[in-house]
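Work through the exercises below with the sequence and the model side by side. Try each task before you read its solution.

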Amino acid sequence: MCFALTSCSMGDFIAYTEVNIVGAVFKTDRYIADTGLKDVLKSIETNDRDQLLSALAPNAINNCNDMEAHIDELFEYCSGKTLSYREFNGGPIVEESFDREGNIEKILYPTYDVKTNDGNYRITFKLVAIDTTNEDNEGIWSLYVIKSENDTDLNVAYRGDDKYTTGIQINVMNVIFDD
């Protein structure tokens, strides 16, 4: 028999965990995405380059030209203590793939509206939650941040240019597709 102790409230436990058919408890996609966001926001609040780098996928860091300049630009663009955030769609868009060898890749695309004591921002990112073929792919690959006042439509989820380019993209307006 296995027991797990957590320090979260019952509401967080219900929102952030699921139980599979054999009774194993695991983290939800929303929990994983929220954790990624919190890591980014904390690094911005404290200008902590190392904390931000630890949230990024090692291969994303290696595949991005001039990541250091991207981080500097992010810290110059964003400021303030986080007061609140809201996931726009109630949970991230999820892509999952499985192959015949049993390899799994799971990618999350959350989008948030964030309020700080210095302003409001919209944030989206591409986060590889699972890659059983290469764990250096796990983490945030692409981070987009825009001040809410600069976005095209606050009633539509922020997706930046919808390309999810590796690295940190600042002040990229939301692409809105016609039906």
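Along the sequence, the chain runs α-β-β-α-α-α-α-β-β-β-β-β-β-β. This is a predicted model, in which local features need pLDDT of at least 70, side-chain atom pairs count only at pLDDT 80 or more, and totals for chains, interfaces and linings use all residues. Residues are numbered from 1 along each chain as its sequence is written, and side-chain values use heavy atoms, with hydrogens and water left out.

**Exercise 1. The chain as a whole**

Task: State how many helices and strands the chain has, and what share of its residues is buried.

Solution. Start with the elements. The chain has five helices and nine strands. These are DSSP runs numbered from the N terminus: helices are H or I with at least four residues, strands are E with at least two. Next, take burial. Of the 179 residues, 40% are buried. Buried means under 20% relative accessible area, exposed means over 50%, and partly exposed lies in between (1.4 Å probe, protein chains only). Last, look at contacts, meaning heavy atoms within 4.5 Å. Among contacts with a separation of 6 or more, 55% are between residues 24 or more positions apart.

**Exercise 2. The largest nonpolar core**

Task: Find which residues have the most contacts inside the largest nonpolar core, and which elements give two or more residues to this core.

Solution. First, the term. A nonpolar core is a set of buried Ala, Val, Leu, Ile, Met, Phe, Trp, Tyr and Cys residues joined through side-chain atoms within 4.5 Å. The largest one has 39 residues, and Leu74, Ile123, Phe125, Ile140, Leu143, Val145 and Ile168 have the most contacts inside it. Helices H2 (29-46), H3 (49-55) and H5 (67-77) each give two or more residues to this core, and so do strands S5 (104-109), S6 (111-116), S7 (119-131), S8 (139-147) and S9 (167-170). Now zoom in on Ile168. Beyond its neighbours within four places in sequence, Ile168 touches Leu52, Met67, His70, Ile71, Leu74 and Leu143.

**Exercise 3. Two polar side chains**

Task: Decide whether Ser142 is buried or exposed, then do likewise for Thr116.

Solution. Ser142 sits in strand S8. Ser142 is buried because its relative accessibility is 0%. Its side chain reaches the backbone oxygen of Thr165 at 2.8 Å. That is a polar contact: a pair of N or O atoms within 3.5 Å, where within protein one must be able to donate a hydrogen and the other to accept it, and residues adjacent in sequence count only if both atoms are side-chain atoms. Thr116 belongs to strand S6. With 8% relative accessibility, Thr116 is buried too. A polar atom of the Thr116 side chain lies 3.2 Å from the backbone oxygen of Ser79.

**Exercise 4. The cavity**

Task: Work out which residues line the largest cavity, and what classes they fall into.

Solution. A cavity is a set of points on a 1 Å grid over the protein atoms alone where a 1.4 Å probe fits but cannot get out; lining residues have an atom within 4 Å of a point. The structure holds one cavity of 30 Å³ or more. The largest has a volume of about 60 Å³. Its lining is Leu41, Ile44, Cys78, Ser79, Gly80, Thr82, Val114, Thr116, Tyr121, Ile123 and Val145. H2, S6 and S7 each supply at least two of these residues. Sort the lining by class: seven are nonpolar, four are polar and none is charged.

**Exercise 5. Two asparagines with positive phi**

Task: Locate Asn47 and Asn171, and describe the surroundings of Asn171.

Solution. Most residues other than glycine have a negative phi. Asn47 has a positive phi near 50°. Asn47 lies in the loop between H2 and H3 and is partly exposed at 47%. Asn171 has a positive phi of about 60°. Asn171 comes in the segment after S9 and is partly exposed at 37%. Beyond its neighbours within four places in sequence, Asn171 contacts Tyr77, Val145, Ile146 and Asn150. Its side chain makes a 3.1 Å polar contact with that of Tyr77, and one of 3.1 Å with that of Asn150. Finally, the C-alpha atoms of Asn171 and Ile146 are 4.3 Å apart, although 25 residues separate them along the chain.

Key. 1 Å grid on protein atoms, 1.4 Å probe; cavity = no way out; pocket = protein on both sides within 12 Å on 5 of 7 lines; lining within 4 Å. Points joined across faces, edges and corners; volume = space filled by probe spheres on them. Nonpolar A, V, L, I, M, F, W, Y, C, P; charged D, E, K, R; others polar.
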